[in-house]
Amino acid sequence: MAELTYRDAVARGIAQEMERDERVVFLGEDVAKAGGVFKTTVGLYERFGPLRVRDTPISEQAILGAAIGAAMTGLRPIAELMFADFLAVCFDYVANEMSKLRYMSNGQLSCPLVIRTGNGGGVRFGAQHSQSVENWTMMIPGVKVVAPSSPVDVIGLMAAAVRDPDPVILHEHKALYAIKGEVPDGEIVDTLGTAKILRAGRDCTIVALALMVPRALEAAEILQRDHGVDAEVIDVRSLVPLDTQTILGSVAKTGHLFTVEENPRLCGWGAEIASIVADEAFWDLDGPIVRITTPHIPLPAADHLEDLALPSSARIVDKVRRVMGG
Amino acid sequence: MASTIIMPQLGETVAEGKILVWFKSVGDEIKEGDDLFEVETDKVTIEVQAIVAGRLSEIRVGPGATAKVGEVVAVVGDGATANASTRGDAPAAKSAPWRSPFEEVSTPTDRFGPAKGPNGIHMTPLARRLIVQHGLDLAMLAKEADRRGAKNIDGAAVRAAIETHLASPAAPPAAVEPPIRSELPVQESDVITLNTMRRKTGERLAESWRTIPHVFQAIEVDFTAIDLVRKTRKAAFQKAYGFSLTYLPFVARATCLAIVAFPQVNARFDGNALALSQDVNLGVAVDLDHNGVIVPVVRESGDFTVIGLAKAIRRQIDKARAGKLSPDDLSGATYSISNNGAFGTSFTTPIINAPQVGILSIDAIGLKPAVVSTPEGDFVAPRMIGIVGQSFDHRAFDGAYSAAFLSRLKQILETRDWAGEISSDL
Amino acid sequence: MAGLKAATAPRDELQNDDIGLDRRLELFRVQVEIRDCEKRAYDLFLQNMIKGTSHLSIGQEAVAAGFGVAMRKGDKSFCTYRGHAHTLARGASMEGMLGELMLRDIGLMRGKGGSMHLTSVEHDVFGSYAIVGAHLPIACGAAWRAQYLGEKDVSVCFFGDGTTNIGAFHEALNFAAIWRLPVVFVCENNLYMEYTPIGEVTAVKHPAADRAAAYGLERILIDGNDADVVYRTALAALEKARDGGGPSLIECLTYRHSGHSRADPAKYRPPGELEEWLKRDPIVVYRGRLRDFGVAPETIDAIEAQSKRKVEVATEACKASPPAPVELLTKDVYADGGWAWRN
């Protein structure tokens with residue numbers, strides 16, 4: 001067992017897979033010699049060499065396109081998009097190419113690749129470099145989407161993503177890069193499509209993702225201690241495939257659902273979950289489904305303003321408390 | 001070496017359970033005693049613990065899915081692991097249950113009534129479902145919610161109503177009155193529809209009444225000594241245990257002691273033979289404010305002292321109010337006690353719960369004039385008097401036996417060193 | 001350095017035939033079959049047996065044939081939505097191609113992809129791509145894989161003149177150049193970007209050739225209607241890539257006889273332009289070439305007759321083929337064959 005930062009976990013996860021399978025290659029901007037602008041891939045270039053860990057020009061379309069071409073013909077590439085906002089620059093490759101090639105070719109073509117990208121805000125980078133865009137990728141049929149909230153999940157989900165024969169987009173969170181967590185020794189492989197109940201509870205279900213997970217857990221402690229509300233906290237982890245059964249099972253027990261989403265309000269990932277629960281679990285609901293999200297605005301750079309925008313544990317406590325009547 | 005985790009036996013009549021939530025995930029290390037999953041039956045919701053240790057390698061029945069008792073729901077220990085191959089893909093994920101592409105989300109087809117109650121009060125979907133599933137009286141709930149000033153009827157309100165309506169097969173309700181025959185036309189005012197629970201209980205009562213030849217006997221008991229012990233120990237008991245000491249645990253204790261000498265009252269009768277029960281499992285009926293009766297069972301009552309019985313009975317009542325009675329708590333009674341004293345009635349003739357053969361009733365205990373014999377002569381004095389009765393199945397034994405039992409019971413109640421028994425505990 | 005060549009083979013070629021008769025016959029056969037198949041597609045569209053849209057290569061057969069014959073098994077083709085010719089040129093069957101256009105079960109992708117997405121991995125056709133320019137970086141990736149694994153195949157990427165103005169074109173060229181990838185970029189300049197003359201929307205006269213220098217690449221501009229020229233150019237580029245010499249950008253001047261797509265009657269063409277180009281119809285050119293090399297008219301006729309027969313057989317097979325079973329609707333979204341996004 002060791003304590004590892006989230007950013008070191010990224011490097012460890014990639015290294016674990018590159019060690020295991022020589023078909024795994026890695027490309028991105030400043031990922032090799034510089035070890036990544038967020039220092040997430042330090043040491044990989046030195047360990048695996050310039051043929052397997054490659055720096056690219058600022059060419060997001062080429063990065064994703066090349067990853068697709070390589071994956072389609074026999075490699076297992078990992079491509080970095082430095083900021084998740086840049087998905088907008090190369091979105092054709094997510095929306096029209098990697099997600100559809102298998103289907104259109106009737107199964108002849110495949111894209112076993114991983115895009116890892118720095119998602120989320122809270123780091124004062126301004127509106128174009130702070131967005132939470134996991135929902136952009138969730139809505140395209142044919143890809144898989146995960147967003148780990150802890151170092152151990154980074155490694156486990158990275159490994160699962162690399163080994164998965166479908167295109168997987170792994171949203172790392174920039175504000176989590178410095179957090180530490182316990183990580184067991186040895187190989188770690190998780191399973192895509194599985195949510196985790198991090199805190200069992202009886203009164204309500206709170207579903208969160210990435211940076212919102214530690215905030216939801218903090219809120220749950222306060223809710224219990226100060227307001228007598230016993231919240232069950234679920235880390236969704238995987239948007240596609242979505243572990244609806246864990247969420248539905250929890251709502252069947254508690255009768256109340258809250259989502260905590262960093263993405264702006266409209267069409268956030270929680271809207272889909274709310275819709276599923278309102279449909280399948282309608283008769284388990286004892287109150288309205290409530291989404292706690294960033295408002296539907298671009299993100300400001302000013303730190304106090306950005307902190308106001310993203311859901312804080314205080315805002316979560318306040319909303320849950322008011323709805324639960326605690 | 002792999003061990004299987006199976007859906008455990010959840011109660012005598014329960015054949016399957018629905019797993020609500022898994023507390024562990026595939027890959028987690030499990031210790032014995034860890035909570036594994038929560039399962040719901042039609043009676044209770046309980047947590048199931050691990051009885052083996054190891055790594056959870058496979059979950060076969062996931063959250064929301066149902067498994068029969070005995071079915072394998074998970075595997076612990078070396079099963080297929082995700083990292084077996086070095087060059088292969090991830091192991092094929094278990095494919096999701098087949099869904100039509102036009103039914104990606106399974107809309108429930110049940111209907112549970114309108115969204116508003118008769119007085120216009122809103123009801124949550126959960127409340128609506130529970131009301132229909134448990135056959136509750138919506139009009140009554142709506143009135144009750146109005147009275148409380150609640151803005152809607154929610155799950156908590158309905159669950160509270162369910163608990164007070166919950167009736168085990170061993171529940172002894174009030175005596176059934178014969179239907180009134182009237183030639184005059186009766187003006188219909190409020191029609192109170194019986195909910196499912198009441199209906200089912202009613203059927204059982206009618207069946208008992210129809211098949212068992214009930215005989216009722218009563219005996220007057222002087223509770224003054226017990227009352228004195230209660231009064232003197234009241235404060236200490238309240239302080240130690242957080243609730244007050246009533247007559248019921250004394251009666252329960254005395255009943256267990258009396259049964260030792262008269263085992264036939266603690267038996268099961270199947271129509272042909274009388275099977276004496278080894279243990280005394282007392283079903284203690286407790287009235288809950290006109291909202292029904294609940295009869296939790298205290299198993300092996302014979303092993304408890306008065307204090308122990310007081311605590312055990314209280315625990316069952318608390319569990320009942322919290323909706324946490326397990327299947328075991330609602331079954332297996334060998335003899336029952338019906339406690340009807342709350343409103344000052346003199347005696348009650350309760351209905352026996354087959355296959356038991358007897359049921360005790362206690363009513364109001366209060367000051368009455370009684371003749372007390374002293375060496376100086378006989379005097380009239382105010383004493384705490386209550387009538388203790390027994391309905392018994394005349395096929396099982398006869399009146400003399402029953403009377404002798406009641407006599408013994410009276411003797412224990414009136415002459416036992418209750419102070420001594422209690423002081424060793426308090 | 002292949003420039004524009006005259007249609008008739010010069011004397012020295014006739015004496016030192018670097019291509020060889022077998023290959024020449026093959027080049028002719030491929031062009032003829034493409035032509036006949038595409039014309040059949042045209043007719044079937046008029047009969048409403050081909051739905052949606054269809055982008056035909058009538059008049060552009062030489063590029064597809066030249067490369068198709070030059071490429072080896074293992075060399076990978078990446079095409080645009082105007083990819084029927086290239087797919088046939090790698091050996092995919094006519095009924096597979098026509099069947100896909102007709103959206104029948106016999107189609108190369110059983111009707112899942114349609115005209116714009118022809119794919120036959122068996123014949124090394126790694127997809128036809130409907131988003132302009134998208135496949136250029138993808139071809140780079142395939143080439144990177146070859147370079148990384150030390151495999152000797154070359155990726156060839158076909159696209160039109162309009163592609164040269166989209167971002168992905170520039171990213172891919174730069175990318176391929178700096179990594180010296182074994183990829184060949186083939187621009188079929190048919191003078192029109194959809195309905196607009198390419199000159200009106202491009203900063204340079206030759207949309208691909210004039211940009212090669214920007215990526216440190218050689219300027220290659222050839223007569224795209226002469227299959228021999230295409231073939232030789234292709235061979236050189238393939239060999240260069242295979243030997244680790246990096247990418248090539250080749251601009252082939254050609255012309256399409258029909259509109260951009262079936263929906264386009266191409267009224268935007270100036271009068272006389274089509275007629276001029278029809279004189280340099282690649283099949284007319286190559287028929288002449290074969291005669292120059294002494295091929296008997298009967299041989300030529302036999303090839304053409306055989307082609308027409310094959311098209312008839314294929315057409316009948318397609319007409320007899322049912323539409324794909326409905327289960328295919330949700331098949332192959334993911335690798336497990338299914339489409340499940342939830343449990």
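Is L103(C) buried, partly exposed or exposed? With a relative accessibility of 34%, L103(C) counts as partly exposed. The legends below walk through this predicted model one close-up at a time.

**View 1. Two residues with positive phi sit in one loop of chain C.** Let's stay with L103(C) for a moment: its phi is positive, at about 60°, even though the residue is not a glycine. You'll find L103(C) in the loop between α5 (94–101) and β2 of chain C. R110(C) lies in the loop between α5 and β2 as well. R110(C) isn't a glycine either, and its phi is positive at about 55°. With a relative accessible area of 28%, R110(C) is partly exposed.

**View 2. Six strands of chain C make an open, parallel sheet.** Reading across the sheet, the order is β2-β1-β3-β4-β8-β7. Why do β2 (125–129) and β7 (220–223) each have one side without a neighbour in the sheet? Both stand at the edges with a single partner strand, so one side of each is left free of a sheet neighbour. From one strand to the next, the twist averages 20°.

**View 3. Here is the pairing of β4 and β8 in chain C.** Strand β4 covers residues 183–189 and strand β8 covers residues 248–253. The two run in the parallel sense and are paired over six bridges. To get your bearings, look for F185(C), which stands opposite L249(C) in β8(C). As a general point, strands of a sheet pair through backbone hydrogen bonds, either parallel or antiparallel.

**View 4. Chain A meets chain C.** On the chain A side 51 residues take part in the contact, and on the chain C side 43 residues do. Together the two chains bury about 3900 Å², with 62% of that on carbon and sulfur atoms. Which residues of chain A lose the most area to chain C? They are Y103(A), M104(A) and N106(A), together giving 18% of what that side buries. One salt bridge is found across this interface. It links R342(C) to E280(A), with the closest N and O atoms 2.5 Å apart.

**View 5. Chain B meets chain C.** This contact takes eight residues from chain B and seven from chain C. About 640 Å² is buried here, and carbon and sulfur atoms give 64% of that area. How many salt bridges are there between chain B and chain C? The count is zero.

**View 6. H256(A) sits in a loop of chain A.** The loop in question runs between α9 (244–254) and β13 (257–264). H256(A) counts as buried, at 11% relative accessibility. Setting aside neighbours within four places in sequence, its contacts include D203(A), C204(A) and T205(A). D286(A), G287(A) and M324(A) are also among the residues that H256(A) touches.

**View 7. Two cis peptide bonds, one in chain A and one in chain B, come before prolines.** In chain A, the cis bond joins V240(A) and P241(A), with omega about -5°. P241(A) lies in the loop between β12 (238–240) and α9. In chain B, the bond from A354(B) to P355(B) is cis, with omega near 5°. Look for P355(B) in the loop between β17 (335–339) and β18 (358–374).

**View 8. Chain B has nine helices and 19 strands.** Of its 426 residues, 42% are buried. Chain B exposes about 22500 Å², and carbon and sulfur atoms supply 54% of that.

Key: Residues numbered from 1 in each chain as written. Chains lettered and ligands numbered in written order. Predicted model: local features only at pLDDT ≥ 70, side-chain atom pairs only at ≥ 80, totals over all residues. Heavy atoms only, no water. Helix = DSSP H or I, 4+ residues; strand = E, 2+ residues; numbered from the N terminus. Buried < 20%, exposed > 50% of the residue type's maximum accessible area, 1.4 Å probe, protein only. Areas by Shrake-Rupley, 256 points an atom, 1.4 Å probe, with all protein chains shown as cover. Pairing = 2+ DSSP bridges. Axes fitted to C-alpha atoms, helices over the stretch in contact; angles between N-to-C directions. Contact = heavy atoms within 4.5 Å. Buried area = accessible area lost by both parts, 1.4 Å probe. Salt bridge = Lys/Arg side-chain N within 4 Å of Asp/Glu carboxyl O.
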